Amino acid sequence: MKFELVKLPYAPNALEPVISEKTIGLHHGKHLQTYVNNLNKLIEGTEFAEMELVDIVKKSEGGIFNNAGQTLNHNLYFTQFAPNKGGEPTGDLLKAIETKWGSFAEFKKQFEADATGLFGAGWAWLATDKDGNLSITKYSNAGNPVVDGLTPLFGADVWEHAYYVDFENRRAEHLAKLWDITNWDEIANRYTNR
């Protein structure tokens with residue numbers, strides 16, 4: 001198996017009450033594991049077999065794209081959280097947010113609105129270009145900013161499996177709570193290493 005299930009950088013119950021242990025078990029242990037398994041099967045013996053995950057997402061389509069995209073998306077998603085985090089970013093990332101949206105509060109408001117308004121299943125991303133200019137991007141299904149030449153920094157999974165156990169149909173409430181577990185050190189590292 002070329003790709004493996006990303007290891008959680010925290011205990012399965014560490015993000016409660018924002019993301020429950022039950023949701024982590026289903027979302028990480030079942031959904032993501034299935035994407036990883038499917039991806040490994042689909043790329044076997046193809047031109048994608050030796051590619052890095054990001055390159056597969058950029059160059060594939062159909063089933064390979066869907067499973068590669070969801071593997072990449074979830075790898076970023078599960079590693080962007082930590083218990084006892086939240087707060088605000090600092091340094092260059094905060095400056096870039098303030099340059100684009102005027103304030104961190106305004107960025108959060110816009111991000112939540114965009115993610116809440118995304119129809120059906122998909123992802124909302126805080127992304128950056130190579131020059132450090134930020135944007136909020138939205139993609140249906142397995143989409144990721146790398147397909148547009150951007151670097152994903154922070155992603156909100158708006159597939160129902162990400163929040164339905166804990167928040168039922170209250171997507172907006174779930175999105176507002178994600179800030180309480182966001183590891184801004186990790187997001188800033190992604191920004192610096194874009």
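The expected span of a helix is 1.5 Å times one less than its number of residues. In this predicted model, helix α3 can be checked against that rule, for α3 has 17 residues and reaches 24 Å from its first C-alpha to its last, close to the 24 Å expected. The surroundings of α3 can be described as well: 14 of its 17 residues are buried, so the helix is largely enclosed by the rest of the structure.

**The strands**

Strand β1 pairs with two other strands, β2 and β3. It runs antiparallel to β2, to which it is joined by 7 bridges, and it pairs with β3 in the antiparallel sense over 6 bridges. Particular residues show how the strands are lined up: Thr 128 stands opposite Leu 134 in β2 and opposite Thr 151 in β3, while Ala 124 stands opposite Lys 138 in β2. Between β1 and β2 the hairpin has 5 residues, and in this hairpin Gly 132 takes a positive phi near 90°.

The three strands can be set side by side by how many of their residues are buried.

| Strand | Buried residues |
|---|---|
| β1 | 7 of 7 residues |
| β2 | 5 of 7 residues |
| β3 | 6 of 7 residues |

In a regular strand the side chains alternate between the two faces of the sheet. For β1 both faces are covered, with Gly 122, Ala 124, Leu 126 and Thr 128 buried on one side and Trp 123, Trp 125 and Ala 127 buried on the other.

**Aromatic rings**

A search of the whole structure finds 15 aromatic pairs. One of them joins Tyr 77 and Trp 123, whose ring centres lie 5.7 Å apart with the planes at 85°; because planes over 60 degrees apart count as edge-to-face, this pair is edge-to-face. The pair links distant parts of the chain, since Tyr 77 belongs to helix α3 and Trp 123 to strand β1, 46 residues apart. Tyr 77 is buried, with a relative accessible area of 0%, and Trp 123 also counts as buried, at 0% relative accessibility.

Trp 123 takes part in a further pair, with Trp 125, in which the ring centres are 5.4 Å apart and the planes stand at 15°, so that this pair is stacked. Both of these tryptophans are buried.

Elsewhere, ring pairs link Trp 101, Phe 104, Phe 107, Phe 111, Phe 154, Trp 179 and Trp 184 into a cluster. A ring can also be met by a charge, as with Tyr 191, where the charged end of Arg 194 sits over the ring, 4.6 Å from its centre.

**A buried asparagine in a loop**

Is Asn 144, which lies in the loop between β2 and β3, buried or exposed? At a relative accessibility of 0%, Asn 144 counts as buried, because the cut-off for that word is under 20%. Its side chain makes a polar contact of 2.7 Å with the side chain of Asn 73, and a polar atom of the Asn 144 side chain lies 3.0 Å from the backbone nitrogen of Val 146. Leaving aside residues up to four places away in sequence, Asn 144 touches Leu 72, Asn 73, Leu 76, Trp 125, Tyr 139 and Pro 152. Among these neighbours, Trp 125 has already appeared in the stacked pair with Trp 123.

Methods. Residues are numbered from 1 along each chain as its sequence is written. This is a predicted model: local features need pLDDT of at least 70, side-chain atom pairs count only at pLDDT 80 or more; totals for chains, interfaces and linings use all residues. Side-chain values use heavy atoms; hydrogens and water are left out. Rings of Phe, Tyr and Trp (its six-membered ring) pair if their centres lie within 6.5 Å; planes under 30 degrees apart count as stacked, over 60 as edge-to-face and the rest as tilted. Helices (H or I, at least four residues) and strands (E, at least two) are DSSP runs, numbered from the N terminus. Buried means under 20% relative accessible area, exposed over 50%, partly exposed in between (1.4 Å probe, protein chains only). A charge sits over a ring if NZ of Lys or CZ of Arg is within 6 Å of the ring centre and within 35 degrees of the ring normal. A polar contact is a pair of N or O atoms within 3.5 Å; within protein, one must be able to donate a hydrogen and the other to accept it, and residues adjacent in sequence count only if both atoms are side-chain atoms. Contact means heavy atoms within 4.5 Å. Two strands pair if DSSP finds at least two bridges between them.
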